Amino acid sequence: MWSSSQASTRGVVEMGGRVEAGPSHFPKRPAPRNPARVNLSRTHAVKPCSAGDRAGISVKCNLGWSSQPSPDLKRHLRGFSSASEAVLTSQSDLRKLFVGNEKIGVLLLNLGGPETLDDVQPFLFNLFADPDIIRLPRLFRFLQKPLAQFISVVRAPKSKEGYASIGGGSPLRQITDAQAEALKEALCEKDVPAKVYVGMRYWHPFTEEAIQQFSISTSGSSLRLLESIFREDEYLVNMQHTVIPSWYQREGYIKAMATLIENELTKFPEPQKVMIFFSAHGVPLAYVEEAGDPYKAEMEECIDLIMEELEKRGITNPCTLAYQSRVGPVEWLKPYTDETIVELGQKGVKSLLAVPISFVSEHIETLEEIDVEYKELALESGIKHWGRVSALGCEPTFISDLADAVIESLPYVGAMAVSNLEARQSLVPLGSVEELLAAYDSKRDELPPPVIVWEWGWTKSAETWNGRAAMLAVLVLLMLEVTTGEGFLHQWGILPLFR
Ligand SMILES: C=CC1=C(C)c2cc3[nH]c(cc4nc(cc5[nH]c(cc1n2)c(C)c5CCC(=O)O)C(CCC(=O)O)=C4C)c(C)c3C=C
Ligand SMILES: [Fe+2]
């Protein structure tokens, strides 16, 4: 195991430049509300870093949240809008404070994507086995994995076709690694040497793998998953860290997006007549309407900010937002990208600039869905001129802004002192993250382990799966029998006995 510093576990959440330090209803922790404004001196006093101290910052690599905290929490967070400015003005002090003795580690979190066609089905299994993606009622939770297995096997041929058309796999790992390297360099240029790690939720490098390296050499925290990893681990429980859960409204990010759009507009014959068409990854409607996911609100706000920035540059094109990539039979966020493209064509729009908005890297949804499927649909729908803004990747303003986000979050690392016992009860140690996680659902201890290699043959895993598949089959047969009144139990005269 790793050596463990005995520093108290403290942390703060930075939310896209608006910062807070735990909602007010966490009475045990006297919140250093907005440490930038109030508590810098207190940070000195409370936390003289020892040489063994380690600090970790987790940065979520997709823009906003999907499935996240209560509107109350969001309001609360937004109440601290001047915090980032206060932090920025004192950055040099912060460097001295945090860079001196501490090792800083940054963990970039993303979903991951299959690197080869053979990875597609197990990747899909990991995705659908996540209770955040397919939410089953508590009573049916035992069906999560058989269902994931079923859906992943059924979906795999379609997904494979998509991945085959973009070169046989997802470029996400490569791009995220490049972003990590660029972020490391940007931090170094800003006098904040740090190690940057990548942790993926559904494919390599899994967050579980990243955290091992991360915690050996520095420190770290991916919310729910990280929470469960942290909670169990003697070393990690003592680690100081903070989380940057979203950054869709950061100035650098907004400016970088505006610049990409501005440049792409110039390629059209009549730039001022182009419809700017933001396409965000969708989520099932119930996430937003029932589970309070602020994703839609965040996407809308993000677009408003980009359009405001463009307006400042004299660009006043019309714009629209739609949601892509829906999967399965349930209703997703509307309007849908494909339907909107057809409508725009019918309304006489002739020039369309597609802007992938919830993505910061090229992947299957941009390279195949937008570049091939939606482009074809647009041309068929009467659009004459089509363009697409590339995903940010390692765009310098964006990377530099991420580096600033990391630097701005430094004073929040360990800004709240709690005992180890308290830390164990509420990891990631920020009140707000705790609430955020609680908003998902309360139990985090049954996370599906990632499938690393699929085992064929009469293995323990095969036995388990066969057993579960059989249970599922029996359940389906029973349900069919009860609903239709026909089946082997009726034939054998067994079922009517239970009526
Ligand atoms: C903003 C990001 C994303 C959200 C929100 C999201 C929700 C979501 N996705 C699925 C189903 C699939 N996602 C797949 C791949 C995939 N999705 C994202 C991002 C978000 N998903 C990424 C980065 C990737 C990997 C892309 C790559 O290049 O590999 C897939 C597999 C691809 C396919 O067959 O289309 C599926 C399936 C659901 C059900 C969902 C919301 C609950
Ligand atoms: Fe997805």
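Which residue in S8 does phenylalanine 278 stand opposite? The points below address this question and related features of the model, which is predicted.

1. Overall composition. The protein has 499 residues, of which 47% count as buried. Its secondary structure comprises 20 helices and ten strands.

2. Burial of strand S7. Strand S7 spans residues 275–281, and six of its seven residues are buried, so the strand is largely enclosed by the rest of the structure. The criterion for burial is 20 or more other C-beta atoms within 10 Å of a residue's own.

3. Pairing of S7 with S8. Strand S8 covers residues 319–324 and pairs with S7 in the parallel sense, over six bridges. In answer to the opening question, phenylalanine 278 stands opposite leucine 321 in S8.

4. Pairing of S7 with S9. Strand S7 is also joined to strand S9, residues 351–356, by five bridges, and these two strands run parallel. Here phenylalanine 277 has alanine 354 of S9 as its bridge partner.

5. Surroundings of ligand 1. There are 20 residues around ligand 1, and those that come nearest are Gly113, Ser159, Ser170, His281 and His363. Two or more residues of the shell are given by each of helix H6 (120–128) and helix H7 (144–165). The largest share, three residues, comes from H7.

6. Character of the shell. Classified by residue type, the shell around ligand 1 contains ten nonpolar residues, nine polar residues and one charged residue.

Methods:
Residues numbered from 1 in each chain as written. Chains lettered and ligands numbered in written order. Predicted model: local features only at pLDDT ≥ 70, side-chain atom pairs only at ≥ 80, totals over all residues. Near = placed C-beta within 6 Å. Helix = DSSP H or I, 4+ residues; strand = E, 2+ residues; numbered from the N terminus. Nonpolar A, V, L, I, M, F, W, Y, C, P; charged D, E, K, R; others polar. Buried ≥ 20, exposed ≤ 12 C-beta atoms within 10 Å, placed from the backbone. Pairing = 2+ DSSP bridges.
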